[in-house]
Structure formats: C-alpha cells, structure tokens
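Visitor: I should like a close look at one part of this structure, with its charged pairs and its nonpolar residues taken together. Please begin at a charged side chain and work inward from there.

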Amino acid sequence: MKNIICHIGFADVKEVMPKKKSRRINSYNKPKLVKQAVKFPYKRVRIDWIDIITEGGWGTVKEFADMKLATPVSEGWLFSKDKDTVRIFAGYDVDDDGSITFSERSVFPTSCVKKITKIH
C-alpha cells in the first residue's frame, strides 16, 4: 500500500514507497585481455558506388530513358582492395585465440566503386 503526500501543484507531488532491490537484467562482461591485446589492422571506410536499377512494370519510352543508376553508400571496415574487388565488413569478433571472424561481408566490383573515404 502506498502513502501519497499531495501538495498544490504537480511538481510537489511525492510518492512514498518502500525501496525495491534493483535487478540487473543485462550484465556487461568486460572483454578478455586477449581481445584488447589484438591489433586491429582494418580502417573504417565509406564506399560510394553505383548499382543497377531494375523495374518489373511497364514504362513509356521517356520513363525508360529517364531511369538512372542507383548511387548507394556503404560503410564498414576495409578488408581488402585490388584491381577487381573491394571487400568490406560491418561486424567482427575477436576469438579467444586472437583470431578475428567477420560478419555482414560485402564484395564490390572495383569498377562499381566511385569513391572510398576513410572514416576517422
């Protein structure tokens, strides 16, 4: 049962209740030392690139002629870049042995990449 003390004005309303123990639902575990010791060799980048547009519906000559390429932007860590491909990933995990595993990996044809910008 609550005891409520009210005064004139909303800001003065006080509620007196017994304190409940706080319960931790999500606990954070500090990463193991090996994760802190691994040198992360990848740089964060933004990639501006071009992609095809496909439309399955009917269109006029003008609508077809006005279709443009998509100009998406992707961000992640640059895994590698050569004359054929640019590889990035958006997530990673450092295993107990110090090896790195990658998630959300993307491979772009270098010919579709317009610009790569380093993100600080």
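**From a charged pair to the core**

Guide: K83 has a relative accessible area of 71%, and therefore counts as exposed. This value, like those that follow, is computed from a predicted model. K83 forms a salt bridge with D84, and the closest N and O atoms of the pair are 3.5 Å apart. D84 has a relative accessible area of 47%, so this residue is classed as partly exposed.

T85 belongs to strand β5, which covers residues 85-94. The relative accessibility of T85 is 17%, which is under the 20% cut-off, so T85 counts as buried. Leaving aside residues up to four places away in sequence, T85 is in contact with S80, V107, F108 and T110.

F108, one of the contacts of T85, leads to the largest nonpolar core. That core consists of seven residues, namely V45, I47, W49, V86, I88, F108 and V113. Two elements, β3 (43-49) and β5, each give two or more residues to this core. Strand β3 provides the largest share, with three residues. In soluble globular proteins, nonpolar side chains tend to be buried together.

V45 is a member of this core and can be followed further. Again without residues up to four places away in sequence, V45 touches S74, E75, G76, L78, I88, I116, T117, K118 and I119. Among these contacts, I88 is itself a core residue.

E75, another contact of V45, brings the account back to charged side chains. The side chains of E75 and R44 form a salt bridge, with an N to O distance of 3.8 Å. This pair connects distant parts of the chain, since E75 is in strand β4 (residues 73-81), R44 is in strand β3, and the two are 31 residues apart. E75 is partly exposed because its relative accessibility is 43%. R44 has a relative accessible area of 27%, so R44 is partly exposed.

The structure contains four salt bridges. Besides the pairs K83 with D84 and E75 with R44, one of them joins D66 to K62, whose closest N and O atoms are 2.7 Å apart. D66 counts as partly exposed because its relative accessibility is 41%. K62 has a relative accessible area of 59%, a value over the 50% cut-off, and therefore counts as exposed.

The largest pocket may be considered next. This pocket holds about 150 Å³ of space, and its lining is formed by E55, G57, W58, G59, T60, E63, F64 and M67. By residue class, the lining comprises three nonpolar, three polar and two charged residues.

One backbone feature remains, in strand β6. E104 lies in this strand, which spans residues 100-109. E104 has a positive phi of about 50°, although it is not a glycine. The relative accessibility of E104 is 59%, so E104 counts as exposed.

In summary, the path begins at the salt bridge of K83 and D84 and continues with T85 in strand β5. Contact between T85 and F108 then leads to the core of seven residues. From that core, V45 touches E75, and E75 meets R44 in a salt bridge.

Key. Residues numbered from 1 in each chain as written. Predicted model: local features only at pLDDT ≥ 70, side-chain atom pairs only at ≥ 80, totals over all residues. Heavy atoms only, no water. 1 Å grid on protein atoms, 1.4 Å probe; cavity = no way out; pocket = protein on both sides within 12 Å on 5 of 7 lines; lining within 4 Å. Points joined across faces, edges and corners; volume = space filled by probe spheres on them. Nonpolar A, V, L, I, M, F, W, Y, C, P; charged D, E, K, R; others polar. Helix = DSSP H or I, 4+ residues; strand = E, 2+ residues; numbered from the N terminus. Buried < 20%, exposed > 50% of the residue type's maximum accessible area, 1.4 Å probe, protein only. Contact = heavy atoms within 4.5 Å. Core = buried A, V, L, I, M, F, W, Y, C linked by side-chain atoms within 4.5 Å.
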